[in-house]
Amino acid sequence: MTTISFDLVSPENLIFNDDVGTIIVPGKDGDLGVLPGHSQVMSSLRPGRVMVYSEDKNLVKSFFVSGGFTEINPEKCIVLAESVVELNSLDKSSIEKEIEELGSNESKESEEQLSIAKAKLEAVTVSFYDKI
Amino acid sequence: MPSLKDIKTQINSVGSTKKITSAMKMVAASKLRRSQEKAEAARPYSSRLEEMLSSLASSAASGEGIIKLLTGTGNDQNYIVVPVSADRGLCGGFNSSINRETFKLVKSLESNAKKVQLMPVGKKSRDFFNRAMKDQIIESFVDLNVSSTGYESALNISNKLQELYFEGKFDKCILVFNKFKSAISQEVTQQQLIPLDVSNSEKEEEKENSSNAIYDYEPDEETILKDLLPKNVSIQIFKVLLESDAGEQGARMAAMDNATRNAGEMIDSLTLKYNRTRQAFITKELIEIISGAESI
């Protein structure tokens, strides 16, 4: 078995559903690299990148998720994310602007959004492997 | 006896009403398709969330804080009832059945000496309860447009509910909404939202699942559950909003279909009346002419 089935689901729709080689998921306690035959894990997610690699280790898709859950078993990986954006549709300068705006706002809600936006910025700026 | 002109205007006005209702029917039909697709698209998330929750639910004994969403406050004195109606009328019994059912529910709870508060969703139920039980409304949500705003709208309601719950304002929350059965039929349904109703039919099934699936939890079961439970409340509300939206369009389509058909029948009978009246006039005139000619 060289592929694992991967579902990325948001409340509004099913975003990704295919057999892939590797998925990197931003678990709460650290990133999880999911390969076929992974042990059964259930984890909550922090805001971060979900990277999907094909069987021959090339990057297929990359997403930013603002948190959620994942359920992993040897054949399947499901990510339930609250909001999902494709990474290459994000624009660095607009996120910076968002952070600035949120920073001046001192409610509990905006604090949460701020941490998401910061994670988003990190997701855009920090480099990643196109091939693993 | 109405004159020919009167009947003609009546026919015309019924005709234009018919045009409006048949247009509304077509609009509702296309909206229905869209809402149904939305409801369809939201299903994978909610079903998977439920699966996860069910495998976790057993691990929660009793507790403080967020776990209370699952286990309850231990009281059942204070209720909050959330009727979910549409923002607009002209959709048959859709709104009034919600209002009636909610009204009945509130009365029956009150007769059991429970304290009931209301949080209507949608203009039609807000307006109704503004008249009927104004002082029991603590909050209302209107103009949600769930098909365009999506999940956000559900989040607002869910946040407000949870805020009130953790302030200890209520012990149980019941949703009253129209369950979408098919394009032409909706069923008024009550669903207990908080605490989570564990007497679901799926429970049997899930027991079997949980026994053969041993998961590692990261960070740990309780933390995940704490994240999962508030999300579950939002997602349940989202599901209900979508169902109600699809139901509304279905109800409107059926109501407008009926109205169009009725207008058609009315036009037929009016046309018949028009023709008869016209014939009667002609006959009368002929008689007058003939009797006039005879007298000469």
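What share of the contacts in chain A with a separation of 6 or more comes from residues 24 or more positions apart? I looked this up before anything else, bearing in mind that the model is predicted. For chain A the share is 53%.

**Entry 1: chain A as a whole**

I listed the secondary structure of chain A and found two helices and 10 strands. I then read the order along the sequence, which is β-β-β-β-β-β-β-β-β-β-α-α. The radius of gyration of chain A came next: it is 15 Å, close to the 14 Å that the globule rule gives for 132 residues, so chain A is as compact as a globular protein of that length. I also took the extent of the C-alpha trace of chain A along its principal axes, which is about 50 × 25 × 25 Å. For burial, I noted that 39% of the 132 residues of chain A count as buried.

**Entry 2: Ser62(A)**

I selected Ser62(A) and located this residue in strand S7 of chain A, residues 59-65. Is Ser62(A) buried or exposed? I recorded 18 C-beta neighbours inside 10 Å, and Ser62(A) therefore counts as partly exposed; the cut-off for a buried residue is 20 or more. Setting aside the neighbours within four places in sequence, I found Ser62(A) in contact with Arg49(A), Met51(A), Val52(A) and Leu87(A). I also checked Ser62(A) against Lys28(A): the two are 34 residues apart in sequence, and their C-alpha atoms are 18 Å apart in space.

**Entry 3: the contact between chains A and B**

I turned to the contact between the two chains, to which chain B gives 22 residues and chain A gives 19. On the side of chain B that touches chain A, I noted the elements that give two or more residues: helix H1 (4-57), strand S5 (216-218) and helix H8 (221-295) of chain B. Which element gives the largest share of this side? I found that H1(B) does, with seven residues. Sorting the residues of this side of chain B by class, I obtained 16 nonpolar, two polar and four charged.

**Entry 4: H3(B) against H4(B)**

I examined helix H3 (residues 94-111) and helix H4 (residues 123-132) of chain B, which pack at an angle of about 40° with their axes 10 Å apart. That angle makes H3(B) oblique to H4(B). I recorded the crossing of H3(B) past H4(B) as right-handed. From H3(B), the contact is made by Asn95(B), Ile98(B), Asn99(B), Thr102(B) and Phe103(B). From H4(B), I listed Lys124(B), Ser125(B), Phe128(B) and Ala132(B). By class, I entered four nonpolar, four polar and one charged residues for the contact of H3(B) with H4(B).

**Entry 5: H6(B) against H8(B)**

I then looked at helix H6 (residues 151-166) of chain B, whose axis comes within 8 Å of that of H8(B) and crosses the H8(B) axis at roughly 130°. That makes H6(B) oblique to H8(B). I noted a right-handed crossing for H6(B) and H8(B). On the H6(B) side, I listed Tyr151(B), Ser153(B), Ala154(B), Leu155(B), Ile157(B), Ser158(B), Leu161(B) and Gln162(B). These residues meet Pro230(B), Val233(B), Ser234(B), Ile237(B), Phe238(B) and Leu241(B) in H8(B). How many charged residues does the contact of H6(B) with H8(B) have? I found no charged residues in this contact, with 10 nonpolar and four polar. I added a cross-reference to Entry 3, where H8(B) is among the elements giving two or more residues to the side of chain B that touches chain A.

Key
Residues numbered from 1 in each chain as written. Chains lettered and ligands numbered in written order. Predicted model: local features only at pLDDT ≥ 70, side-chain atom pairs only at ≥ 80, totals over all residues. Axes fitted to C-alpha atoms, helices over the stretch in contact; angles between N-to-C directions. Helix = DSSP H or I, 4+ residues; strand = E, 2+ residues; numbered from the N terminus. Parallel < 35°, antiparallel > 145°, perpendicular 65-115°, else oblique. Left-handed = near helix turned anticlockwise from the far one by under 90°. Contact = placed C-beta atoms within 7 Å. Nonpolar A, V, L, I, M, F, W, Y, C, P; charged D, E, K, R; others polar. Rg over C-alpha atoms; globule rule 2.2 N^0.38 Å. Buried ≥ 20, exposed ≤ 12 C-beta atoms within 10 Å, placed from the backbone.
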